[in-house]
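Work through the exercises below with the sequence and the 3D view side by side, and try each task before you read its solution.

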Amino acid sequence: MSDVARLAGVSIKTVSRVVNDEPGVHPATAERVLAAIERLGFRRNLSARNLRRGSSTGTLGVILEDVGNPFYSVLTRAVEEVARSQGRQVLTGSSDEDPGRERELALEFCARRVDGLIVVPAGMQHGYLVPEMQAGMPVVFVDRPAGDVVADTVLVDNIGGTAEAVKHLAAQGHRRIAFFGDAPDIFTASERLRGFREGCARSGVRYGEDLVFMGPHTEAGIAGLLDRALSGTEPATAVVSGNNRITVHMLRVLYHRPTRPALVGFDDFELADLLNPPITVVQHDASMLGRAAAELLFARLEGDSSPPRRVVLPARLVARGSGEVSP
C-alpha cells in the first residue's frame, strides 16, 4: 500500500479508503489510486486483519476445467490428501474453459492469500500471475502448460499415449482410423492429435485429414461426423477418441448402430471395464497427476528455489476388448 500511495501521490489512508470502497475520496483521486494498483499488481489481502506478517492462511487454491468431470475429481482428491498431510485445506473452482473465469478465480484466490495455486490453464495468457509469483506465490500448472510464463508444470505423455492407441489398432489390421479430438487450441487436444499423426507414421497407416474431427463435440454433432467417417468408399474401421467425455458421447451414438468400429479412448472412466465390450483406453493416473503437482507446490513452499520443473507422467494402453475388434 505504501508503494501504491507513493506512485499515486496520496496517503496510505486514501489508498485504504479506495480499496475498501469507503466514501470521501474524490473520483479523480480514486482513479489515480486504481491506476497505481493495476500498474503495481497490488492485490487486497482479505485475511490481513487476522494474520501476522509472513504467516500462512493454511489454504491452497485449485482451478480446474470442471470439478464435475470425474478425471478432475480424482485429481483434486489427490491434492487434498497431500494438503491435509501438510495441515492445509483446498479451495477449488471451475474455469469452464473460459480464460476470463480462470483469471477471476486465480486473482480471487490470491486476494484471499492462499499459500499456493495449482492451475489447469484454460488459456495461454498468464502474465496476470507474474506479480503474485514475484511476491513469492508458488504456482504449479497441471495437465497443460502455461502460455506465457515459466513455471512448474506436470503433464501426461499425451503424444506417446495416443501413438500407442494407433499402434494397437494397426496391430489388429486397421488401416483407416478416425480421430475425434477436443478443441485444437487446447494443449492436450493438440498434443493428442500430434500423437495420432506420429502413431500413423510409425504404424504405416495413412493419415487422412478427412478422418480427423476436432471439437468441441456434442453427442448430436458426433452422430453426424461418425456417419461421415464410417461411410463412403473407404470408411474408417476404427476410432480413437481424444478424452473421456468424447468417448462417452461416442458410446451413446454407437449404441444405436448395428455394427461398431474398433474404439480406443484416451482417459479411463468409471464402468468402462463393465460395458459390452469393455472399453480399451489409454490410461493415466489422475491421482498421480494431482499428487505430483501438490508435492511440487509444497517443495516450493518449503524453500526449494531450483529452476522451474516440467514433469511428464506416463500413459499406458489398457486392452479390454473394444480396441481388439478386427476390420
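**Exercise 1: a histidine and its surroundings**

Task: In this predicted model, find the residues that His-126 touches when residues up to four places away in sequence are not counted, and decide whether His-126 is buried or exposed.

Solution: Leaving out those sequence neighbours, the contacts of His-126 are Glu-102, Pro-121, Phe-141, Ala-146, Gly-147, Asp-148 and Val-149. Next, place the residue along the chain: His-126 belongs to the loop that runs between strand S3 (117-119) and helix H6 (130-134). Finally, because the relative accessible area of His-126 is 0% and a residue counts as buried under 20%, His-126 is buried.

**Exercise 2: a threonine in a helix**

Task: State which helix holds Thr-247, and work out why Thr-247 is classed as buried or exposed.

Solution: Begin with the helix, which is H10, spanning residues 244-254. Then take the relative accessibility of Thr-247, which is 0%, so that Thr-247 counts as buried. To see what surrounds this residue, set aside residues up to four places away in sequence, and the contacts of Thr-247 are then Ser-241, Leu-263, Gly-265, Phe-266, Phe-269 and Ile-279.

**Exercise 3: the largest cavity**

Task: Establish how many cavities of 30 Å³ or more the structure holds, and describe which helices help to line the largest cavity.

Solution: The structure has 2 cavities of 30 Å³ or more, and the largest cavity contains about 170 Å³ of space. Its lining is made of 18 residues, of which Tyr-72, Thr-188, Arg-192, Asn-243 and Asp-267 are the closest to the centre. Turning to the helices, at least two lining residues come from each of helix H4 (70-85), helix H8 (187-203) and H10, while H8 gives the most, with 3 residues.

**Exercise 4: the chain as a whole**

Task: Describe the chain by its helices and strands, by the box that its C-alpha atoms fill, and by the share of its residues that count as buried.

Solution: Counting the elements first, the chain has 11 helices and 12 strands. Along the principal axes, the C-alpha atoms fill a box of roughly 75 × 40 × 30 Å. Of the 327 residues, 49% count as buried, and the chain exposes about 15,800 Å², with carbon and sulfur atoms supplying 50% of that area. As a last step, consider the contacts with a separation of 6 or more, 67% of which are between residues 24 or more positions apart.

Conventions: Residues numbered from 1 in each chain as written. Predicted model: local features only at pLDDT ≥ 70, side-chain atom pairs only at ≥ 80, totals over all residues. Heavy atoms only, no water. Helix = DSSP H or I, 4+ residues; strand = E, 2+ residues; numbered from the N terminus. Buried < 20%, exposed > 50% of the residue type's maximum accessible area, 1.4 Å probe, protein only. Contact = heavy atoms within 4.5 Å. Areas by Shrake-Rupley, 256 points an atom, 1.4 Å probe, with all protein chains shown as cover. 1 Å grid on protein atoms, 1.4 Å probe; cavity = no way out; pocket = protein on both sides within 12 Å on 5 of 7 lines; lining within 4 Å. Points joined across faces, edges and corners; volume = space filled by probe spheres on them.
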